Amino acid sequence: MYHSKIAGLGFYVPENIVTNDDLSKLMDTNDEWIQERTGIKERRHVQRGDGNTTTSMGVKAAQIAIQRSGVAKEDIDFIVFATLSPDYYFPGPGVLVQRDLGLKTIGALDIRNQCSGFVYAVSIADQYIKTGMYKNILVIGSELQSYGLDMTDRGRGVSVIFGDGAGAAVLSREEDLTSGILSTHLHSEGIHAEELAVVAPGMGKRWVTDIIKDNDPNDESYYPYMNGQFVFKNAVVRFSEVINEGLLANNLSVCNISLLIPHQANLRISQFIQHKFKLSEEQVFNNIQKYGNTTAASIPIALTEAWEQGKIKKGDIVVLAAFGSGFTWGSVIIKW
Ligand code: UT7
């Protein structure tokens, strides 16, 4: 039995900055509303022709993470890729990373857990390393969401929130069983699946053949739908529960948290959690102001930035927590 540790981190965001004022030229919104309700000042969107895809951004983040980990490419044993915005309907982006990074013919797994995707991906990688099956695993969260958003008044409640970008981590075997990833905790509640979803194209509600046949420009089924207030109310409850669950499992309490990195869903959600747990501003890392909600990429981007800014030191207790579409939620407790 082993532990796993985060051996290297990297992130990549497209160059193109989209401000709230930029969005107000496309739809009936404004900087004041967006900042007041979400904390977001700007986000990154890929531009047509700039060459960015979900996979290519993931690859760029992965290259940095691999280089920083000191692990040779040939020693990566497995890929786990989390996204809700894959390049292709199938195959998933995991195999494209194997190809584009020129990795050995190792296994590649795609994770479909949206905002909780990175937490689920880390949990899976951790299990493989714990059992001794693999030594080094590349974990990526990447999203190209801007192409799929409804950039009209109709979609304003959703489209102002989301951004594009990627983050990656190399998880490696840790022999010291008192440090590294201490535990992971995963949950789902599918009764609320349609409260935050893109239902088409799929094999359930809207078949591809029907969409093509109808050719209806007013068909909203392939745009994201979110029951914002309902999601918000569930998020604050589930974030709190799953952070507590992780602390309890390790005989830790809130005062042991060195840094909480919540999925960057909404600055108001992060602040609610911060106040509920009586944490200081320095103990909760937020960068949604710059990148918006990048779904599966938000935690690895935030984790990388926090690490780059020197906010994570050896021995720190770092807590990752996520909630999102599914509903799914989870946490990771790390002793750095
Ligand atoms: O990452 C996955 C998990 N996601 C989340 O956790 C997101 C959770 N939810 C939220 O963050 C918030 O619900 C939102 C930021 C999405 C929305 O904020 P809200 O305070 O819940 O606003 P609302 O949807 O209740 O809308 C309030 C008003 C409405 O107008 P009326 O009906 O009061 O006249 C909306 O039509 O704001 C209007 N509105 C906007 N106005 C300007 C909605 N979107 C916009 C907009 N700009 N972009």
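## Two domains and a surface patch

In this predicted model, domain 1 and domain 2 bury about 4000 Å² between them, and 64% of that area is on carbon and sulfur atoms.

**Exercise 1.** Work out where the two domains lie along the chain, how far apart their C-alpha centres are, and how many residues each gives to the contact.

*Solution.* Begin with the division of the protein chain, in which domain 1 covers 3-177 and domain 2 covers 181-335. Next, take the C-alpha centres of domain 1 and domain 2, which lie 13 Å apart. Finally, turn to the contact, to which domain 1 gives 53 residues and domain 2 gives 49 residues.

**Exercise 2.** Find which three residues supply more than any other three of the area that domain 1 buries against domain 2, and state how many salt bridges are counted between the domains.

*Solution.* On the side of domain 1, the three residues are F11, C115 and V119, which together supply 16% of the area that this domain buries against domain 2. For the second part, the count between domain 1 and domain 2 is 1 salt bridge.

**Exercise 3.** Decide whether Y89 is buried or exposed, and say which nonpolar surface patch Y89 helps to make.

*Solution.* First locate Y89, which is found in the loop between β4 (78-82) and α4 (93-100). Then compare its relative accessibility with the cut-off: exposed means over 50%, so Y89, at 55%, counts as exposed. Lastly, look at its partners, since Y89, F90 and M203 make a nonpolar surface patch of about 440 Å².

Note on methods:
Residues are numbered from 1 along each chain as its sequence is written. This is a predicted model: local features need pLDDT of at least 70, side-chain atom pairs count only at pLDDT 80 or more; totals for chains, interfaces and linings use all residues. Side-chain values use heavy atoms; hydrogens and water are left out. Patches are made of residues with over 30% relative accessible area and no salt bridge: like charges are joined within 9 Å, nonpolar side chains (Val, Leu, Ile, Met, Phe, Trp, Tyr) within 5 Å. Accessible areas come from the Shrake-Rupley method with a 1.4 Å probe; for residues, only the protein chains shown count as cover. A salt bridge is a side-chain nitrogen of Lys or Arg within 4 Å of a carboxyl oxygen of Asp or Glu. Helices (H or I, at least four residues) and strands (E, at least two) are DSSP runs, numbered from the N terminus. Buried means under 20% relative accessible area, exposed over 50%, partly exposed in between (1.4 Å probe, protein chains only). Domain bounds come from an automatic or database domain assignment. Contact means heavy atoms within 4.5 Å. Buried area is the accessible area (1.4 Å probe) that two parts lose on being put together, summed over both.
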